[in-house]
Amino acid sequence: MQDSAPRIFVNDTTLRDGEQAPGVAFSHDEKMAVARALDAAGIDEIEAGTPAMGPDEIDTIAAIANADLSCAVMAWCRALETDVDAAIATGVQRVNISVPASRIQMQVKLNAGPTEAAERLRRIVSYARDRDLEVAVGCEDSSRATPDDLALLARAAQDSGAFRIRYADTLGVLEPFGAFEAIRRLTDATDLAVEFHGHDDLGLATANTLAALRGGARHASVTVLGLGERAGNAPLEEIAVAAAQTGQFASRINIADLNDLAALVADCAGRPIGEAKAIVGRDIFSHESGVHVSGLLKDVHAYQALDPMALGRRHAIVIGKHSGLAALRAVCSDLGLDPESEAMALAEVRALAQRSKRAVPVDHARRIASAFQEIVSARRADFRVWP
Ligand SMILES: [Zn+2]
């Protein structure tokens, strides 16, 4: 990481936006466990839930707020006094107050235009500030708002005492160059800290978030594994590792904790992690291709960009259709195979991988190799070790 890399602040909304993913419902205990794990991983701020959902949600947010975490805990509110009152009942010090920013959402949700929306925002932020809450303002559907409307809302937020404005790409319509320009415009229009909240409908949430940070946002709103509405949000693990790996941004995130954190959230959400999921997928440090394995065995940096050790993991060699002799030699070196049995064993594991359409477990590959060693030694033919 560069010394001069700007510090970014990470807001994790797994417990609020993440839980809005279809079919996901965390229990009280699961929310507590995730909150503690997020805190331990170095998250700056947790969006813990929506108090207006009722007494159970208020109790859970209150328990998180009282759990002695070192991160900030915030509650999510609409621009309604009743929502702010419900947040106060949780004991949190900080709220995110959401206001629609696009004309269509202003019309549908507030039956109002931009002037009235800004006035309403001014009133509700003042209401919360008068009750000693720290207020961040979330501008919903910012990416479909006009720059003038967004600037108007930012002014209302700033004048009434908010500390931050969230640019929400609520429908995931942005691309990275657009995100960069939009955030540049917004940071020019306000003195408030700017946060970016991206959705992944086009598969661009991570790219858009990084572009927004390049454009001047210093806060990133993320969820573990990108859990969230529709295609989900920007994944915490991707943003944190990309920030560190590119050296462009400094954060407090403990990269080594991300794997366990992802496993916990996947378990609580009932959504298994894809094998090839960036950063935390099971197979992302497994190598089968003969060319890659041969290169890795000579010099690991030949095919390593991301260091698995940073994530508490290691490279793994798997034996399959694309394996070469170097891999089999590495796996079976303890067997002391001669060249003839090596070649036969390799042919067998390749054929097996082709038939089963998956990699051959290393132990099975060893058994095959060992069996061929015996075949060669005994000069027997027509031997199969696999069912
Ligand atoms: Zn969202």
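In this predicted model, helices α5 and α6 are roughly parallel to each other, because the angle between them, about 20°, falls under 35 degrees. A second helix pair, α8 and α9, is oblique. The model also holds a zinc ion with protein donors from Asp17, His197 and His199.

**Helix pair α5 and α6**
- Helix α5 spans residues 114–130 and helix α6 spans residues 147–159, and their axes lie 8 Å apart.
- The crossing of α5 past α6 is right-handed.
- On the α5 side, the contact is made by Pro114, Thr115, Ala117, Ala118, Leu121 and Arg122.
- The α6 side contributes Asp149, Leu152, Leu153, Ala156, Ala157 and Asp159.
- By class, the residues of this contact are eight nonpolar, one polar and three charged.

**Helix pair α8 and α9**
- Helix α9 covers residues 236–246 and packs on α8 at an angle of about 45°, with the axes 10 Å apart.
- Here too, the crossing of α8 past α9 is right-handed.
- Thr206, Thr209 and Leu210 of α8 meet Glu238, Ile239 and Ala242 of α9.
- The contact of α8 with α9 has three nonpolar, two polar and one charged residues.

**Zinc site**
- The zinc ion is bound through Asp17 (OD), His197 (NE2) and His199 (NE2), at 2.0 to 2.2 Å.
- Along the chain, the donors have the spacing D-x179-H-x1-H.
- Asp17 sits in the loop between β1 (9–12) and α1 (28–40), and His199 in the loop between β7 (193–198) and α8 (205–214), so this pair ties together parts 182 residues apart in sequence.
- Asp17 and His199 are both buried.

Technical notes. Residues numbered from 1 in each chain as written. Predicted model: local features only at pLDDT ≥ 70, side-chain atom pairs only at ≥ 80, totals over all residues. Heavy atoms only, no water. Donors = N, O, S within 2.8 Å, 3.2 Å for Na, K, Ca; no water. Helix = DSSP H or I, 4+ residues; strand = E, 2+ residues; numbered from the N terminus. Buried < 20%, exposed > 50% of the residue type's maximum accessible area, 1.4 Å probe, protein only. Axes fitted to C-alpha atoms, helices over the stretch in contact; angles between N-to-C directions. Parallel < 35°, antiparallel > 145°, perpendicular 65-115°, else oblique. Left-handed = near helix turned anticlockwise from the far one by under 90°. Contact = heavy atoms within 4.5 Å. Nonpolar A, V, L, I, M, F, W, Y, C, P; charged D, E, K, R; others polar.
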